Amino acid sequence: MLEKIRNEWKLFVQEQINEMAKNVLGDNAAVAELIIQIPPKPELGDIAFPLFSYAKILRMAPNKIAEALKNKIDSLSDKPEGELILAGPYLNVKIDVLALATKLYKSVLAEGSDYGKSNLYDGKKIMMEFSCPNTNKPLHLGHMRNDSLGMSVSAILAANGAEVKKVNLINNRGVHICKSMLAYQKFGNGETPESTGLKGDHLVGKYYVKFAQWEKEDDTAVDQAKAMLVKWEAGDTEVLKLWKLMNGWTLEGLAVSYEKTGVSFDKYYYESETYKLGKDKVLKGLDKGVFYKEEDGSVWIDLEEIKLDKKVVLRSDGTSLYMTQDIGTAVARHDDFPFDSLIYVVASEQQYHFKVLFYILKKLGYKWAKELHHLSYGMVNLPDGKMKSREGTVVDADDLFDTLASIAKKEIQEKERETQVDGLDKTANAIALSALNYYLLQVSPTKDMVFDPKKSISFTGNTGPYLQYMGARISSMVRMFEELKNSYASYSFDSSFLKEEEERELIKMVALYPEIVEKAGRDLDPSVICSYLYDLTKLFSKWYHDNKILKAEDNNFVVARMGLSTLVLQVIQNAFPLVGITFLESM
RNA sequence: GCGCCAGUAGCUCAGCUGGAUAGAGCAAUUGCCUUCUAAGCAAUAGGUCAUAGGUUCGACUCCUAUCUGGCGCACCA
């Protein structure tokens with residue numbers, strides 16, 4: 001709605017400038033496109049048009065242009081709604097916010113949970129690949145950023161009209177998997193999750209760490225692991241049995257972690273099933289001349305066209321590589337779900353891999369190849385540097401979540417809110433999860449980030465729980481208002497009772513929401529929504545701190561302010577699921 | 001060596017396609033709870049936007065160089 005008003009004014013002002021230019025320069029004056037901005041201060045209006053760039057053409061100082069434009073427009077009768085403000089070299093517009101509020105009130109209530117959805121990706125099928133864990137260890141903080149991003153971007157794309165398919169690719173084969181298996185075989189003594197009380201993935205992870213220690217003492221360790229992989233590929237029953245057992249443990253453990261952190265998929269792929277898929281495509285590409293064969297039998301692609309080196313796509317012994325597999329998997333996926341676009345959520349360290357993969361698929365003639373995207377995200381570091389599994393500095397996902405949940409629980413108890421809340425543990429978990437997701441998503445995906453475990457457990461300030469708290473506060477007012485509904489039966493929402501500065505700003509922010517969803521969808525960037533949510537709730541917070549809402553002196557004010565609060569609440573409820581925040585009625 | 005990315009307050013991060021005095025949170029100091037949940041609100045303090053040039057009426061934003069940090073450049077995944 002805001003966008004519409006802005007564009008109306010833009011077109012209109014542009015027209016006036018064009019006319020002015022014509023008078024000075026004649027008919028074919030080339031006039032630059034008008035720039036739209038938001039004024040830095042509310043008293044400067046709601047829309048700003050900087051006029052610097054016209055000074056030369058019109059041979060006038062920008063201030064004079066603004067003046068001339070204002071006079072010209074004020075004299076016209078047929079113009080968009082709003083009031084012009086002179087602000088030096090800027091021509092600003094103060095829009096009719098109360099009229100906007102009236103329209104907004106109707107449409108937001110009518111659209112409900114659909115408010116803010118866009119049709120940006122209407123009719124598009126988008127596949128999202130994320131998580132993709134190894135089955136040799138539990139999830140850590142790095143995975144959590146991946147999962148948060150994957151879930152959030154999926155939700156954002158869906159809110160923009162796309163049909164989204166979330167897929168996971170379980171990395172369950174390879175030497176690294178054999179390492180934990182081998183260590184277990186040697187030192188495991190038949191331990192099981194039941195006998196140790198350990199979660200399956202943690203038990204397996206224990207032996208992955210064990211391998212790293214053993215490897216230092218025995219230099220045949222790696223060779224033994226490689227030998228095990230050969231056996232695995234040959235279908236050795238003993239090895240396969242162990243593999244199935246341990247993989248099962250890990251997957252059970254991962255399922256618990258996913259469940260806890262609200263991560264879910266529409267389909268799972270397993271590397272043990274996909275790793276051979278690409279070979280066929282590579283051989284066909286060889287026939288077509290996309291690849292070439294070396295004397296030793298290995299198959300390569302020359303990447304000169306994209307200014308890169310050469311890359312192997314098939315080993316000399318004919319076996320598949322990571323690249324081979326990804327070629328095959330992409331094709332198989334397109335067969336499963338004919339996507340218009342496939343987005344890989346994978347850490348930035350693999351940028352090269354995806355550049356090459358996309359190029360190869362394009363060369364192989366798949367027309368959908370140009371719609372493949374690598375949503376590359378930065379590393380998660382700790383205050384004292386990188387996470388290193390070998391040095392035991394990784395932040396374990398389950399531990400972190402449990403710590404956060406227990407702190408949240410303590411908070412609720414300290415505030416004596418147990419009875420107000422919908423289940424102590426349930427609420428504590430929801431707070432922990434929201435804190436975590438918000439922490440991970442508020443940073444632009446492409447950037448590396450620092451995760452300070454000590455600071456991340458804070459629930460005050462710009463955090464997920466703060467947003468939840470605002471949602472709960474508004475919900476609480478709405479509940480009280482519902483109870484008193486009869487006393488307000490003869491009053492209806494009238495925006496003219498919303499005259500406070502903050503109310504104007506809140507109305508505009510509510511109107512802005514659809515654009516935010518669209519921007520987040522276009523940029524594949526959840527942080528856009530995080531920033532918006534924080535700005536919105538902070539503003540609301542200040543407003544309701546300074547003004548009485550339910551207890552306003554006049555019923556007209558109560559109804560108007562509750563109306564506005566309801567709009568804000570609706571936006572919050574619609575936006576939370578896009579960034580992994582649980583909406584709580586009470587906390 | 002080559003390529004990609006980043007460098008904004010003590011710390012963690014925003015800053016839209018160049019535009020009006022560079023913004024938050026945390027940490028610090030200080031006010032505000034018999035009144036809609038203080039997980040809150042407000043105030044003070046904190047900056048040569050890595051450095052040096054350039055483009056422009058105008059640069060945190062674009063270009064070049066330099067410095068610093070990260071990542072990549074496997075018949076590993």
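Let's start with one pair of residues: Leu86 sits opposite Leu91 of strand E3. Before following that pair any further, keep in mind that everything here comes from a predicted model.

Leu86 and Leu91 take us straight into a hairpin. Strands E2 and E3 make up its two arms, and just two residues lie between them. One residue in that turn, Gly88, has a positive phi of about 60°. The two arms run antiparallel and are held in register by five bridges. Another pairing between the arms puts Leu84 across from Val93 in E3.

E3 has a partner on its other side too. Four bridges connect E1 to E3, again antiparallel, and here Phe49 stands opposite Leu91 in E3. So Leu91 of E3 turns up twice, facing Phe49 and Leu86. Put the pieces together and you get an open sheet of three strands, ordered E1-E3-E2, with antiparallel pairing. Strand E1 (47-50) and strand E2 (83-87) are the edges; each has a single partner strand, so one side of each has no neighbour in the sheet. On average, neighbouring strands are turned by 25° against each other, if you ignore direction. As for what links such strands in general, they pair through backbone hydrogen bonds, either parallel or antiparallel.

This sheet has helices for company. Helix H1 (residues 2-25) lies across E1, E2 and E3, and runs at about 30° to E1. Helix H3 (residues 62-74) packs on the sheet as well, touching E2 and E3, and its direction makes about 165° with that of E2.

Now let's step back and look at the whole of chain A. Its secondary structure adds up to 21 helices and 13 strands, and its C-alpha trace spans about 85 × 70 × 40 Å along the principal axes. Out of 587 residues, 51% count as buried. The chain also brings together parts that are far apart in sequence: among contacts with a separation of 6 or more, 75% are between residues 24 or more positions apart.

Arg504 gives a nice example of that. It's part of helix H19 (residues 501-523), yet its C-alpha is 8.9 Å from that of Pro42, a residue 462 places away in sequence. Setting aside neighbours within four places in sequence, Arg504 is in contact with Asp46, Lys94, Ile95 and Val97. Is Arg504 buried or exposed? With a relative accessibility of 12%, Arg504 counts as buried.

Thr250, in helix H10 (residues 237-260), goes further: its relative accessibility is 0%, so it counts as buried. Which residues does Thr250 touch, leaving aside those within four places in sequence? They are Asn134, Thr135, Lys137, Gly200, Asp201 and Val204.

Elsewhere in the chain there's another open sheet of three strands, with the order E7-E8-E9 and antiparallel pairing. Here strand E7 (292-293) and strand E9 (310-314) are at the edges, and since each has a single partner strand, one side of each lacks a neighbour in the sheet. Strand E8 (residues 299-302) is joined to E9 by four bridges, and the two run antiparallel. Trp300 has Val312 in E9 as its bridge partner. A helix lies over this sheet too: H12 (residues 278-288) crosses E7, E8 and E9, at about 120° to E9.

Finally, let's turn to RNA strand B. There are 63 residues around it, and Tyr90, Asp296, Arg315, Lys415 and Tyr544 come nearest. The residues of this surface divide into 29 nonpolar, 17 polar and 17 charged. Which part of the RNA meets the protein? Of its atoms within 4 Å of the protein, 61% belong to sugar or phosphate, and the rest to bases.

A few polar contacts show this variety. The side chain of Asn171 has an N or O atom 2.7 Å from a sugar or linking oxygen of the RNA. Lys386 places a polar side-chain atom 3.1 Å from a phosphate oxygen. Asn547, by contrast, uses a backbone N or O atom, 2.6 Å from a base nitrogen. Several elements give two or more residues to the surface near the RNA, including strand E3 (90-94), helix H14 (351-363) and helix H20 (527-546). Helix H18 gives the most, with eight residues.

Definitions and conventions. Residues numbered from 1 in each chain as written. Chains lettered and ligands numbered in written order. Predicted model: local features only at pLDDT ≥ 70, side-chain atom pairs only at ≥ 80, totals over all residues. Heavy atoms only, no water. Near = heavy atom within 4 Å. Polar contact = N/O pair within 3.5 Å; in protein donor to acceptor, adjacent residues only side chain to side chain. Nonpolar A, V, L, I, M, F, W, Y, C, P; charged D, E, K, R; others polar. Pairing = 2+ DSSP bridges. Axes fitted to C-alpha atoms, helices over the stretch in contact; angles between N-to-C directions. Contact = heavy atoms within 4.5 Å. Buried < 20%, exposed > 50% of the residue type's maximum accessible area, 1.4 Å probe, protein only.
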